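Reader: I'd like to practise reading how a helix sits in a fold. Can you walk me through an example?

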Amino acid sequence: MGKQIPAMMGRDTVDEPADVGATDAAWRRWLPLLREAMLTEMGRAPVPSESHGEDHIDRVWSRVLALGEELGADLEVLAAATFLHDLGRHHVRDEDHGALSAELAVPILERLGFPAEKRAPTLFAIARHDLSFDDVDRTTLESRILFDADKLDTFGVVGVTRAIRSWYGRVGIDFILGQLDRRLALLSLPQSRRLAADDYAFARDFFVRLADQTGASVAGAYVEDREDRTA
Ligand SMILES: [Fe+2]
Ligand SMILES: [Fe+2]
């Protein structure tokens with residue numbers, strides 16, 4: 001039994017797992033099942049978030065798979081963690097939705113017959129993918145890969161589009177720039193930092209130019225409604 005995640009909205013239900021090592025291609029068979037389960041859960045969620053929809057999951061999975069193969073991570077754990085990591089985000093508009101996602105994933109993994117020994121590392125990666133944890137809290141390779149791949153989706157043309165969709169006109173551009181910097185600073189893996197470099201620079205340059213050209217008209221005071229403040 002590993003140490004427990006600090007008590008906070010269900011986190012005490014997720015134990016820190018032991019290393020699980022690499023596996024063969026067993027992960028492939030889970031993809032259609034995980035996608036179906038994710039879409040079903042999202043379909044009945046109370047506050048669906050467009051920027052955390054199926055397209056976001058597919059982009060994250062593409063990066064997770066590339067990083068996971070390169071680093072020899074457990075792709076079965078990563079597949080389940082990726083497809084289920086934002087379930088909670090469609091229930092709460094809050095950046096610390098990872099614990100709720102993990103709670104919602106428990107019955108899904110059970111129903112799918114996901115390997116029992118891989119559930120704890122999967123739930124761990126899901127619970128710790130959000131911004132309420134620091135890099136030191138992500139103590140497994142799989143949790144680092146999921147976090148980094150998820151945050152890479154906030155940079156580049158896609159990241160700019162998501163940021164505008166969520167924030168433009170509602171928060172100051174300084175806030176958006178701060179969110180970009182925060183996510184870059186939290187990236188854990190050197191591979192992710194290399195992947196992020198160009199796309200981070202693009203997104204930052206875009207919003208700096210936008211601020212220059214639009215001035216105070218859209219750089220209003222930050223609205224404290226905690227809506228869409230997450231990736
Ligand atoms: Fe998330
Ligand atoms: Fe995400």
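Reader: This is a predicted model, I gather. Which residues of α1 are buried?

Author: Yes, it's predicted. The general idea first: an α-helix has 3.6 residues a turn, so residues three or four places apart point the same way. Here, the buried residues of α1 are Trp30, Leu34, Ala37, Met38 and Glu41. Looking down the axis of α1, you find them within an arc of 100°, so they line one face of the helix.

Reader: And which exposed residues sit on the face of α1 turned away from that buried side?

Author: Those are Pro32, Glu36, Thr40 and Gly43.

Reader: What do the buried residues of α1 pack against?

Author: Three other helices: α2 (54–71), α3 (75–84) and α4 (98–112). As for α1 itself, residues 30–43 span 20 Å from first C-alpha to last, close to the 20 Å expected at 1.5 Å a residue.

Reader: Let's try a helix pair. At what angle do α2 and α6 pack?

Author: For a pair, read the angle together with the axis distance. α2 and α6 (residues 141–152) meet at about 140°, and their axes are 9 Å apart. Angles over 145 degrees would count as roughly antiparallel; α2 and α6 are therefore oblique to each other. The crossing is right-handed. On the α2 side the contact includes Val60, Val64 and Leu67, and on the α6 side Ile145, Ala149 and Leu152 are among the residues involved.

Reader: Zooming out, how many helices and strands does the protein chain have?

Author: Nine helices and zero strands. Of its 231 residues, 45% are buried.

Key. Residues are numbered from 1 along each chain as its sequence is written. Chains are lettered from A and ligands numbered from 1 in the order in which they are written. This is a predicted model: local features need pLDDT of at least 70, side-chain atom pairs count only at pLDDT 80 or more; totals for chains, interfaces and linings use all residues. Helices (H or I, at least four residues) and strands (E, at least two) are DSSP runs, numbered from the N terminus. The expected span of a helix is 1.5 Å times one less than its number of residues. A residue is buried if 20 or more other C-beta atoms lie within 10 Å of its own, exposed if 12 or fewer, and partly exposed in between; C-beta atoms are placed from the backbone. The arc is that of the directions from the helix axis to the C-beta atoms. Two residues are in contact if their C-beta atoms, placed from the backbone, lie within 7 Å. Axes are lines fitted to C-alpha atoms, for helices over the stretch in contact, and angles run from 0 to 180 degrees between N-to-C directions. Angles under 35 degrees count as roughly parallel, over 145 as roughly antiparallel, 65 to 115 as roughly perpendicular and the rest as oblique. A crossing is left-handed if the near helix is turned anticlockwise from the far one by less than a right angle, and right-handed if clockwise.
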